[in-house]
Amino acid sequence: MKLIGVTSCPSGVAHTYMAAEALETAARANGWDVKIETQGAIGVENELSAEDVASADVVILTKDIAIKREERFAGKKIVRVTVTQAAKQAPDIISKLESMLAQA
């Protein structure tokens, strides 16, 4: 499975990066291919390519503030979580995604 996502928080500092790291760690622990873009105080990092988007099974977006260029995910399965949920509950989120995709 391939997971991509974008994390961002209102201040664009610690939680943006904590959420990205937690999602990456949890997804890799379950054998997923993962790439998370961060939209923080210093701008966009680890930017998702068109190929990343095209090959993704699911997209996870934090919903605390608007994600830049969200239209690039049109037609993809999108799951929205808060940045705090992503940082603190990443293993549970990945488990729920696996269940959701298994039922699809």
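**View 1. An open sheet of five strands in a predicted model.** In this predicted model, five strands line up in the order 3-2-1-4-5 to make an open sheet with mixed pairing. Strand 3 (43-45) and strand 5 (78-81) sit at the edges, each pairing on one side only. From one strand to the next, the twist averages 15°. Look for strand 1 (residues 2-7) beside strand 4 (residues 58-62): the two pair in the parallel sense over four bridges. Within this pair, Ile-4 stands opposite Val-59.

**View 2. Two helices that pack on the sheet.** Helix 1 (residues 14-29) touches strand 1, strand 2 (33-40), strand 3 and strand 4, and its direction makes about 175° with that of strand 2. Helix 4 (residues 90-103) touches strand 1, strand 4 and strand 5, with an angle of about 145° between its direction and that of strand 4.

**View 3. A closer look at helix 1.** Here is a quick check on geometry: at 1.5 Å a residue, the 16 residues of helix 1 should span 22 Å, and its end C-alpha atoms are indeed 22 Å apart. Its buried residues include Ala-19, Ala-20, Leu-23 and Glu-24. Strand 1, strand 2, strand 4, helix 3 (83-88) and helix 4 are among the elements covering the buried residues of helix 1. Just after the helix, Gly-31 takes a positive phi of about 85°.

**View 4. Ser-8 and its surroundings.** You will find Ser-8 in the loop between strand 1 and helix 1. Ser-8 counts as buried because its relative accessibility is 3%, under the 20% cut-off. Its side chain reaches the backbone oxygen of Gln-39 at 2.8 Å. Among the residues that Ser-8 touches are Thr-16, Thr-62, Asp-64 and Val-83.

**View 5. A salt-bridge network around Asp-52.** Lys-2, Lys-35 and Asp-52 are linked in a network of salt bridges. Asp-52 meets Lys-2 with the closest N and O atoms 3.4 Å apart. Asp-52 lies in helix 2 (residues 50-55) and Lys-2 in strand 1, so this pair ties together parts that are 50 residues apart in sequence. The salt bridge between Lys-35 and Asp-52 has an N to O distance of 2.8 Å, and it links strand 2 with helix 2, 17 residues apart. Asp-52 is buried at 10% relative accessible area, and Lys-2 is buried at 12%, whereas Lys-35 is partly exposed at 22%.

**View 6. The salt bridge between Arg-80 and Glu-70.** The closest N and O atoms of this pair are 2.4 Å apart. Arg-80 belongs to strand 5 and Glu-70 to the loop between strand 4 and strand 5, so the contact joins parts that are 10 residues apart in sequence. Arg-80 is partly exposed at 41%, and Glu-70 is partly exposed at 25%.

Technical notes. Residues are numbered from 1 along each chain as its sequence is written. This is a predicted model: local features need pLDDT of at least 70, side-chain atom pairs count only at pLDDT 80 or more; totals for chains, interfaces and linings use all residues. Side-chain values use heavy atoms; hydrogens and water are left out. Two strands pair if DSSP finds at least two bridges between them. Axes are lines fitted to C-alpha atoms, for helices over the stretch in contact, and angles run from 0 to 180 degrees between N-to-C directions. Contact means heavy atoms within 4.5 Å. The expected span of a helix is 1.5 Å times one less than its number of residues. Buried means under 20% relative accessible area, exposed over 50%, partly exposed in between (1.4 Å probe, protein chains only). A polar contact is a pair of N or O atoms within 3.5 Å; within protein, one must be able to donate a hydrogen and the other to accept it, and residues adjacent in sequence count only if both atoms are side-chain atoms. A salt bridge is a side-chain nitrogen of Lys or Arg within 4 Å of a carboxyl oxygen of Asp or Glu. Lists of a residue's contacts leave out its neighbours within four places in sequence.
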